[in-house]
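Morning, everyone. Please look at the screen, and I'll walk you through one fold, piece by piece.

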Amino acid sequence: MSTLFGKIIRREIPSDIVYEDDLCLAFRDINPQAPTHVLLIPKKEIAGLSDAGAEDQALLGHMMLAAAKVARQIGGGGAFRVVVNNGAEAGQSVFHLHLHVLAGRPFRWPPG
Ligand code: 5GP
């Protein structure tokens with residue numbers, strides 16, 4: 001089922017796109033939780049990480065490398081955090097798989 005991220009991929013709603021390739025798209029989060037907060041999504045509509053299958057192995061690896069590339073390009077320094085919220089109880093609100101790429105401030109552990 002298509003979500004608002006599907007609409008962003010199809011350019012039906014605007015977003016501040018910072019990276020794109022054949023397999024994924026990255027754009028700035030509308031409600032940033034750090035000076036840099038980018039969402040990296042696969043163009044394939046996968047609802048969440050737990051919905052990915054063995055056929056998505058290369059895509060998921062590609063996304064991790066793309067996340068590091070985006071962080072290098074726009075994150076400023078070398079430190080960044082990548083977060084996947086999987087399921088509503090873990091904080092997922094948009095059911096199209098996405099990596100949060102956060103940078104530009106110190107991060108505490110454990111996350112809340
Ligand atoms: P989740 O809570 O599912 O892990 O993350 C969804 C993220 O999407 C949130 O950080 C939220 O701010 C962001 N978001 C929700 N709607 C929009 C939108 O229309 N545009 C953009 N750029 N980000 C959005």
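One definition before we start: two strands count as paired if DSSP finds at least two bridges between them. Keep in mind that this is a predicted model.

Now a concrete case. Which residue in strand 5 is the bridge partner of histidine 37? The partner is leucine 102. That bridge belongs to a longer register. Strand 3, residues 36-42, pairs with strand 5, residues 99-103. The sense is antiparallel, and there are five bridges.

Step back to the whole sheet. Five strands make it up, and the sheet is open. Read across, the order is 1-2-3-5-4. The pairing is antiparallel. Which strands sit at the edges? Strand 1, at 17-20, and strand 4, at 80-83. Each of these pairs on one side only. On average, neighbouring strands are turned by 20° against each other, ignoring direction. As a general reminder, strands of a sheet pair through backbone hydrogen bonds, parallel or antiparallel.

Go to the strand 1 end. Strand 1 and strand 2 are antiparallel partners, with three bridges. Glutamate 20 has leucine 25 in strand 2 as its bridge partner. The connection is a hairpin, and three residues link strand 1 to strand 2.

Next, the helix on the sheet. Helix 2 covers residues 57-74. What does helix 2 lie across? Strand 1, strand 2, strand 3, strand 4 and strand 5. Against strand 3, helix 2 runs at about 155°.

On to aromatics. How many aromatic pairs are there? The count is one. The partners are phenylalanine 5 and phenylalanine 27. Their geometry is edge-to-face, with 5.4 Å centre to centre and 75° between the planes. Why does this pair tie separate parts together? Phenylalanine 5 is in helix 1, residues 4-9, while phenylalanine 27 is in strand 2, so the pair links parts 22 residues apart in sequence. Phenylalanine 5 is buried, and phenylalanine 27 is buried as well.

Last stop, tryptophan 109. Where is tryptophan 109 found? In the segment after strand 5. Is tryptophan 109 buried or exposed? Exposed counts as over 50% relative accessible area. Tryptophan 109 has 69%, so it is exposed. Now compare its position with leucine 23. The two residues are 86 apart along the chain. Their C-alpha atoms are separated by 31 Å.

That's the tour. Over to you.

Note on methods. Residues are numbered from 1 along each chain as its sequence is written. This is a predicted model: local features need pLDDT of at least 70, side-chain atom pairs count only at pLDDT 80 or more; totals for chains, interfaces and linings use all residues. Side-chain values use heavy atoms; hydrogens and water are left out. Helices (H or I, at least four residues) and strands (E, at least two) are DSSP runs, numbered from the N terminus. Axes are lines fitted to C-alpha atoms, for helices over the stretch in contact, and angles run from 0 to 180 degrees between N-to-C directions. Contact means heavy atoms within 4.5 Å. Buried means under 20% relative accessible area, exposed over 50%, partly exposed in between (1.4 Å probe, protein chains only). Rings of Phe, Tyr and Trp (its six-membered ring) pair if their centres lie within 6.5 Å; planes under 30 degrees apart count as stacked, over 60 as edge-to-face and the rest as tilted.
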